[in-house]
Each structure stands twice: as C-alpha cells, then as structure tokens.
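Hello,

Here is the structure I promised to pass on. Please open it first, then read my notes below.

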Amino acid sequence: MQVTIVGAGVVGLCCAIELLEAGHKVTVVADRQSPRTDSDRAGAIWLPLLSNEDGEEPAGYLDRVASWSRTSWSRLTRLVDSGLGPAAGVRMLRNHELFRTPAEPPPYLPEILSDIQVTDDDRLPAGFEYRWTFATYAFDVPRYLAWLGTSARALGAEVLNGRVGSLDQLAEVPGDTVVNCTGRRAAELFGDPFLRPVKGQLLFHDPIPMTDAFGADEYGVLPGPDACVLGSLFTFDFDDEEPSQADGERIWNEILRWERVADDAVGIPPGLLRRSRIRKVQAGVRPYRVRGVRFEVDSDTLAGRPLIHDYGHGGSGFTFSWGCGRDVAELVTTL
Ligand SMILES: Cc1cc2nc3c(=O)[nH]c(=O)nc-3n(C[C@H](O)[C@H](O)[C@H](O)COP(=O)(O)OP(=O)(O)OC[C@H]3O[C@@H](n4cnc5c(N)ncnc54)[C@H](O)[C@@H]3O)c2cc1C
C-alpha cells in the first residue's frame with residue numbers, strides 16, 4: 001500500500017518506520033520538521049501518563065495504553081540491546097516518581113517494568129513519603145528525532161515540506177491510506193473539541209554529577225551528559241511556545257527543595273544547582289486530549305479512502321509512539 005502520513009513529529013516518524021518495515025511505501029508531509037516540531041521541545045523519558053487532570057478516556061482505554069507502552073518499551077529495548085542507543089540518543093537510567101500519599105501503579109506497569117519498587121521512604125525531600133523506583137529509557141531529544149528522520153529516509157520514506165490547510169487539501173493528498181499525525185494542530189483541520197494544549201517549560205542547567213531522574217507532581221529532574229534538565233509544569237489551555245519568567249521561577253524554587261537528606265538518599269546532591277549555570281530555557285506544548293489519544297479509522301472524511309487518526313498523545317508521545325505506529329501498520333495491512 002502507498003501511505004501518506006501528515007506530520008513529522010515523534011508520532012509521525014515512528015509510524016513511518018513501522019509502516020516501512022511492514023512493507024508499505026510511505027510519504028511524510030509536514031510543515032514543520034525537526035528541530036521545529038513540538039516533539040523537539042520535550043524532556044523526555046518513557047513514562048505512560050494517563051492524564052494530568054481528570055480525563056474522560058473511553059472504556060478500555062487503559063488496555064490500549066498498556067499495549068502501546070509495552071510495544072514501545074520492547075522496541076526501545078531492542079534498539080539499546082543492539083548497541084544503537086548512543087547513535088539514536090536513547091539510554092537507560094533509574095527514575096524515581098515521588099508521592100505525598102500512597103499511590104499504586106496501574107497493573108500493566110509492573111508487567112513491563114520488572115524491577116519497579118513501590119516503597120515508603122522517610123528520607124525523601126520534604127513533603128514526599130512514597131516512591132516508585134524503576135529503570136527506564138531517557139531520550140536525548142534532538143538526537144533521537146534526527147535518528148528517526150534518518151532511519152525513515154534510509155528505509156525509503158519520502159519526506160516533503162508542505163502544509164495541509166483544509167480538508168479539501170487533505171482530500172488531494174496522494175496514497176491509498178492517509179494517517180493523521182498532526183498532534184495538537186489536528187484541532188485546525190478537524191475542530192476536535194477534546195484537544196487542550198498543555199504548556200510546559202524546561203530549564204537546561206549545566207550537567208551535574210547525578211545519575212538518577214526524579215518526578216513529582218508537575219515537576220521533574222532529568223540528568224544527562226549535556227545538561228541536567230529541570231521542568232516542566234502542566235499549564236492547561238496554553239499553546240504559547242514562549243518561555244515565561246514566572247514559570248521558570250516556579251520550577252527553580254520547587255526543584256531547589258529536592259536536595260537529598262543523606263548521601264545514599266533520593267534527591268539532588270546539595271549545592272550543585274546554581275542559577276548562573278542555567279544555559280537555556282525552552283517552552284513546549286503537549287497535545288493533550290481529554291478523551292485520550294484519538295486512534296481510529298475514519299471512513300467518512302476522505303471519500304473512498306481510509307483516514308487513520310493517530311494524535312493527541314499529551315505528555316506521553318515518546319512513550320506511546322512505537323506502539324501506535326505498530327497498530328497503524330497492522331491496520332493498514334488488514335484494510
Ligand atoms: C516539556 C515537555 C515534556 C515532555 N516530556 C515527555 C516525556 O517525558 N515523555 C513522553 O513520552 N512525552 C513527553 N512530552 C510529550 C511529547 O513531546 C508529545 O506527546 C509528542 O511530542 C507529540 O508528538 P506529535 O508527533 O504528535 O506532535 P508534533 O511533534 O507536534 O508533530 C506534529 C507534526 O504535524 C505537522 N502538522 C501539523 N498540522 C499540519 C498541517 N495542517 N499540515 C502539515 N503538517 C502539519 C507538524 O508540522 C509536525 O511535523 C513532553 C512534552 C513537553 C512539551
């Protein structure tokens with residue numbers, strides 16, 4: 001089959017690779033390519049988030065999240081085990097999710113993360129008493145997106161610059177099947193009332209001698225060889241890509257409180273974070289959708305041709321993208 005994907009963020013590119021590997025011909029059309037996509041403004045680690053406020057996900061959605069997460073995890077494991085991690089910008093690290101009250105992970109998480117420990121801990125930064133600790137994958141985002149683009153092209157994808165400005169223009173896009181990977185901007189074409197942009201912000205601090213990542217509430221610390229990334233906030237209904245001073249202050253003040261209380265305790269070694277060592281501040285927008293990812297075949301919009309929607313991944317686009325891409329490839333094969 002000849003498939004056209006609209007969108008070249010992490011979701012569109014993983015989908016392209018899955019389709020190509022399944023033997024299909026793929027054209028990707030996008031008006032923004034890396035490093036100019038929303039995906040380029042992410043943190044990011046493998047971590048499935050259902051939503052950051054009460055969502056309205058349909059029945060059975062958790063099973064889909066579990067399946068997408070599992071497929072992506074396997075794919076990343078295969079990538080790292082084959083030695084391609086450094087070239088692709090993917091590495092494993094230990095992550096701690098901190099909580100103020102007891103919190104159980106969803107059942108599928110321990111099935112994927114065989115080493116996950118759920119414990120109470122009286123030596124966490126002030127206010128936190130419980131943690132989940134597990135190894136996960138961290139992405140060097142610019143390198144990963146560049147690697148996805150190069151891999152898709154090497155497998156034969158044609159990647160074109162272009163904007164699809166209306167449903168009439170979408171109808172003119174070539175291919176037996178069209179896949180919609182337009183992220184938050186699906187709202188422009190489809191008027192989807194369930195999409196709500198969620199702004200985040202990242203502070204890139206000089207690297208610090210710390211190996212583990214942390215997350216709690218709407219904050220996180222992701223150490224790496226090039227920077228220690230501090231973030232990230234979930235500001236609903238903001239699609240502004242400009243960083244804000246006030247958001248930067250909120251992140252800085254919260255994360256300064258996360259100093260560890262003893263050498264072997266979870267937290268940031270004292271005295272390492274300094275404001276003068278913040279090199280870059282960047283904001284980004286997550287394509288959050290209150291009803292979860294829109295993943296379905298739409299047989300009405302393009303007369304006689306299926307349109308597969310694959311957008312609205314919120315704060316989990318890097319986590320779900322291989323799984324959604326695999327499902328698109330399986331769907332196209334059966335159409
Ligand atoms: C601060 C921050 C931290 C994050 N941390 C994580 C994390 O730790 N883990 C995780 O899994 N996720 C994380 N995310 C979320 C993740 O970044 C998103 O879910 C993901 O990038 C969405 O990818 P996408 O490909 O759907 O969208 P985009 O990257 O926005 O790609 C959309 C593509 O569609 C194209 N397009 C749109 N409309 C049109 C049109 N009309 N015509 C032509 N082309 C069009 C665009 O040009 C672009 O190429 C984070 C996000 C932010 C902002």
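Start with helix H8. On one side of H8, Gln-245, Ala-246, Glu-249 and Asn-253 are exposed. Note that this is a predicted model.

H8 runs over residues 245-256. Its 12 residues should span 16 Å at 1.5 Å a residue, and the end C-alpha atoms are indeed 16 Å apart. Which residues of H8 are buried? They are Asp-247, Ile-251 and Ile-255. Seen down the axis of H8, these buried residues fall within an arc of 55°, so they line one face of the helix. The general rule helps here: an α-helix has 3.6 residues a turn, so residues three or four places apart point the same way. The buried residues of H8 pack against three strands: E8 (195-205), E10 (219-223) and E11 (228-236).

Helix H5

Next, go to H5, residues 141-154. This helix has 14 residues. From first C-alpha to last it reaches 20 Å, close to the 20 Å expected at 1.5 Å a residue. Its buried residues are Val-141, Tyr-144, Leu-145, Leu-148 and Ala-152. They cover an arc of only 95° around the axis, which puts them on the same side of H5.

What do the buried residues of H5 pack against? Two helices are on the list, H1 (10-21) and H3 (85-88). The strands are E2 (25-30), E3 (90-99), E5 (130-139) and E6 (158-161). Just after H5 comes Gly-156, with a positive phi of about 115°.

Helix H1

H1 has 12 residues. Its first and last C-alpha atoms are 17 Å apart, close to the 16 Å expected at 1.5 Å a residue. Is H1 mostly covered or mostly open? Mostly covered: 11 of its 12 residues are buried. Among them are Val-10, Val-11, Leu-13, Ile-17, Leu-19 and Leu-20. Glu-18 is also on the buried list, as are Gly-12, Cys-14, Cys-15 and Ala-16.

Several elements cover the buried residues of H1. They include strands E1 (2-6), E2, E7 (177-180) and E14 (307-311). Helices H5 and H9 are included too. Just after H1, Gly-23 takes a positive phi of about 100°.

Helices H2 and H9

Now look at H2 (residues 61-81) and H9 (residues 317-334). They pack at an angle of about 100°, with their axes 7 Å apart. That makes H2 roughly perpendicular to H9. By class, the contact has 4 nonpolar, 7 polar and 3 charged residues.

Which residues meet there? From H2 come Ser-67, Trp-68, Ser-69, Arg-70, Thr-71, Ser-72 and Arg-75. From H9 come Thr-319, Phe-320, Ser-321, Trp-322, Gly-323, Cys-324 and Arg-326.

Ser-69 has another link to follow. Its C-alpha is 8.8 Å from that of Leu-109, although the two residues are 40 apart in sequence. Leu-109 sits in helix H4 (residues 108-112). It has 17 C-beta neighbours inside 10 Å, so Leu-109 counts as partly exposed.

Backbone points to check

Most residues other than glycine have a negative phi, and most peptide bonds are trans. Here are some exceptions.

- The peptide bond from Ser-34 to Pro-35 is cis, with omega near 15°. Pro-35 lies in the loop between E2 and H2.
- The bond from Gly-43 to Ala-44 is cis as well, with omega near 5°. Ala-44 is also placed in the loop between E2 and H2.
- Asp-217 is not a glycine, yet its phi is positive, near 50°. You will find Asp-217 in the loop between strand E9 (213-216) and E10. It has 14 C-beta neighbours inside 10 Å, so Asp-217 counts as partly exposed.
- Leu-233 also has a positive phi, near 65°. This residue lies in strand E11. Is Leu-233 buried or exposed? It has 21 C-beta neighbours inside 10 Å, so Leu-233 counts as buried.

One connection is worth following on screen. E11, the strand that holds Leu-233, is among the strands that the buried residues of H8 pack against.

Best wishes

Methods: Residues are numbered from 1 along each chain as its sequence is written. This is a predicted model: local features need pLDDT of at least 70, side-chain atom pairs count only at pLDDT 80 or more; totals for chains, interfaces and linings use all residues. Helices (H or I, at least four residues) and strands (E, at least two) are DSSP runs, numbered from the N terminus. The expected span of a helix is 1.5 Å times one less than its number of residues. A residue is buried if 20 or more other C-beta atoms lie within 10 Å of its own, exposed if 12 or fewer, and partly exposed in between; C-beta atoms are placed from the backbone. The arc is that of the directions from the helix axis to the C-beta atoms. Two residues are in contact if their C-beta atoms, placed from the backbone, lie within 7 Å. Axes are lines fitted to C-alpha atoms, for helices over the stretch in contact, and angles run from 0 to 180 degrees between N-to-C directions. Angles under 35 degrees count as roughly parallel, over 145 as roughly antiparallel, 65 to 115 as roughly perpendicular and the rest as oblique. Ala, Val, Leu, Ile, Met, Phe, Trp, Tyr, Cys and Pro count as nonpolar, Asp, Glu, Lys and Arg as charged, and the others, Gly among them, as polar.
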